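Work through the exercises below with the sequence and the 3D view at hand. Try each task before reading its solution.

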Amino acid sequence: MAPKVATGFVIFRRLNQIEYLLLQTSYGIHHWTPPKGHVDPGESDLETAYRETEEESGLIKSDIKVFEDTKKTLNYLVKDKPKIVHYWLAELINSDANVKLSHEHQDYKWLPLEEACRITKFEEMQKLLQDYEGYLINGK
């Protein structure tokens, strides 16, 4: 069985500290995740990430700056079926932009790393957030 493929952005902003945008799903276990979604036929992974980010958070391409050299891939099972999710790191550059949730999500939060890791609960996502934090702090 071919895995489902999804893409998205781990979006951060810099205020007094680095904060990550997490969305709480309105279905299933109501988990917290960055904006992401399944790749449509004919779409590139990056196009999907932009489209899904706009659909799920209301943030558009001009609101963010994507670090294209930061693509990371998570592999895991959803209901015993393989899923692959590609993420890129992206910075919120439009401080006037507002998050507008779709029906797929019921809440959102901007959180520093420690709190973001605590509410995501999934080890793969925690490691991804930690890796991106390291990239931002150390340039790696």
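**Exercise 1. Aromatic contacts**

Task: Which residues form one aromatic cluster with Y50, and which residue lies over the face of Y50?

Solution.
- Step 1. The cluster consists of F9, Y50 and W88.
- Step 2. Keep in mind that this is a predicted model.
- Step 3. Now look at the face of the Y50 ring. K61 lies over it, 4.9 Å from the ring centre.
- Step 4. Apply the cut-off: a Lys NZ must be within 6 Å of the ring centre to count as sitting over the ring. The 4.9 Å of K61 fits that distance limit because it is within 6 Å.

**Exercise 2. An edge-to-face pair**

Task: Classify the geometry of the F67 and Y135 pair, and say which elements hold the two rings.

Solution.
- Step 1. Count the pairs: the structure holds 4 aromatic pairs.
- Step 2. Take the pair of F67 and Y135. Its ring centres are 6.0 Å apart, and its planes make an angle of 80°.
- Step 3. Planes over 60 degrees apart count as edge-to-face, so the F67 and Y135 pair is edge-to-face.
- Step 4. Place the residues. F67 is in strand β5 (residues 64–78) and Y135 in helix α3 (residues 123–138), so the pair ties together parts that are 68 residues apart in sequence.
- Step 5. Check the exposure. F67 and Y135 are both buried.

**Exercise 3. The partners of β1**

Task: Which strands does β1 bridge to, and in which sense does each pair run?

Solution.
- Step 1. Start with β6. Strand β1 (residues 4–14) and strand β6 (residues 81–92) run parallel and are joined by 9 bridges.
- Step 2. Find the register. V5 has I84 as its bridge partner in β6, and G8 stands opposite Y87.
- Step 3. Move to β4 (residues 36–38). This strand runs antiparallel to β1, with 3 bridges. H38 of β4 stands opposite A6.
- Step 4. Finish with β2 (residues 18–25). It is also antiparallel to β1, again through 3 bridges. F12 has Y20 as its bridge partner in β2.
- Step 5. Look at the connection. β1 and β2 form a hairpin, with 3 residues between the strands.

**Exercise 4. β5 against β6**

Task: How many bridges pair β5 with β6, and what joins the two strands?

Solution.
- Step 1. Count: 11 bridges pair β5 and β6, in the antiparallel sense.
- Step 2. Identify the link. The two strands form a hairpin with 2 residues between them. In that turn, K79 has a positive phi of about 55°.
- Step 3. Find a bridge position. K72 stands opposite Y87 of β6. Y87 also has G8 opposite it.
- Step 4. Ask about burial. 10 of the 12 residues of β6 are buried, so the strand is largely enclosed by the rest of the structure.

**Exercise 5. Two residues compared**

Task: Are A6 and Q17 buried, partly exposed or exposed?

Solution.
- Step 1. Locate both. A6 is in strand β1, while Q17 is in the loop between β1 and β2.
- Step 2. Use the limits: buried means under 20% relative accessible area, and exposed means over 50%.
- Step 3. A6 has 1% relative accessibility, so it counts as buried. Q17 has 40%, so it counts as partly exposed.
- Step 4. Add distances. The C-alpha atoms of A6 and I84 are 6.3 Å apart, with the residues 78 apart along the chain. For Q17 and K72, 55 residues apart along the chain, the C-alpha separation is 23 Å.

**Exercise 6. Two pockets**

Task: What are the volume and the lining of the largest pocket, and of the second largest pocket?

Solution.
- Step 1. The largest pocket holds about 800 Å³ of space. Its lining has 30 residues, and H31, K36, Y76, V78 and K83 lie nearest the centre.
- Step 2. Elements giving two or more residues to this lining include β1, β4, β5, β6 and α3.
- Step 3. Split the lining of the largest pocket by class: 13 nonpolar, 7 polar and 10 charged residues.
- Step 4. The second largest pocket has a volume of about 170 Å³. Among its 13 lining residues, R13, L15, L92, N94 and S95 are the closest to its centre.
- Step 5. β1, β6 and β7 (105–111) each give two or more residues to the lining of the second largest pocket. By class, that lining has 7 nonpolar, 3 polar and 3 charged residues.

How values were computed
Residues are numbered from 1 along each chain as its sequence is written. This is a predicted model: local features need pLDDT of at least 70, side-chain atom pairs count only at pLDDT 80 or more; totals for chains, interfaces and linings use all residues. Side-chain values use heavy atoms; hydrogens and water are left out. Two strands pair if DSSP finds at least two bridges between them. Helices (H or I, at least four residues) and strands (E, at least two) are DSSP runs, numbered from the N terminus. Rings of Phe, Tyr and Trp (its six-membered ring) pair if their centres lie within 6.5 Å; planes under 30 degrees apart count as stacked, over 60 as edge-to-face and the rest as tilted. Buried means under 20% relative accessible area, exposed over 50%, partly exposed in between (1.4 Å probe, protein chains only). A charge sits over a ring if NZ of Lys or CZ of Arg is within 6 Å of the ring centre and within 35 degrees of the ring normal. On a 1 Å grid over the protein atoms alone, a cavity is a set of points where a 1.4 Å probe fits but cannot get out, and a pocket is an open set with protein on both sides within 12 Å along at least five of seven lines; lining residues have an atom within 4 Å of a point. Grid points are joined across faces, edges and corners, and a volume is the space filled by probe spheres set on the points. Ala, Val, Leu, Ile, Met, Phe, Trp, Tyr, Cys and Pro count as nonpolar, Asp, Glu, Lys and Arg as charged, and the others, Gly among them, as polar.
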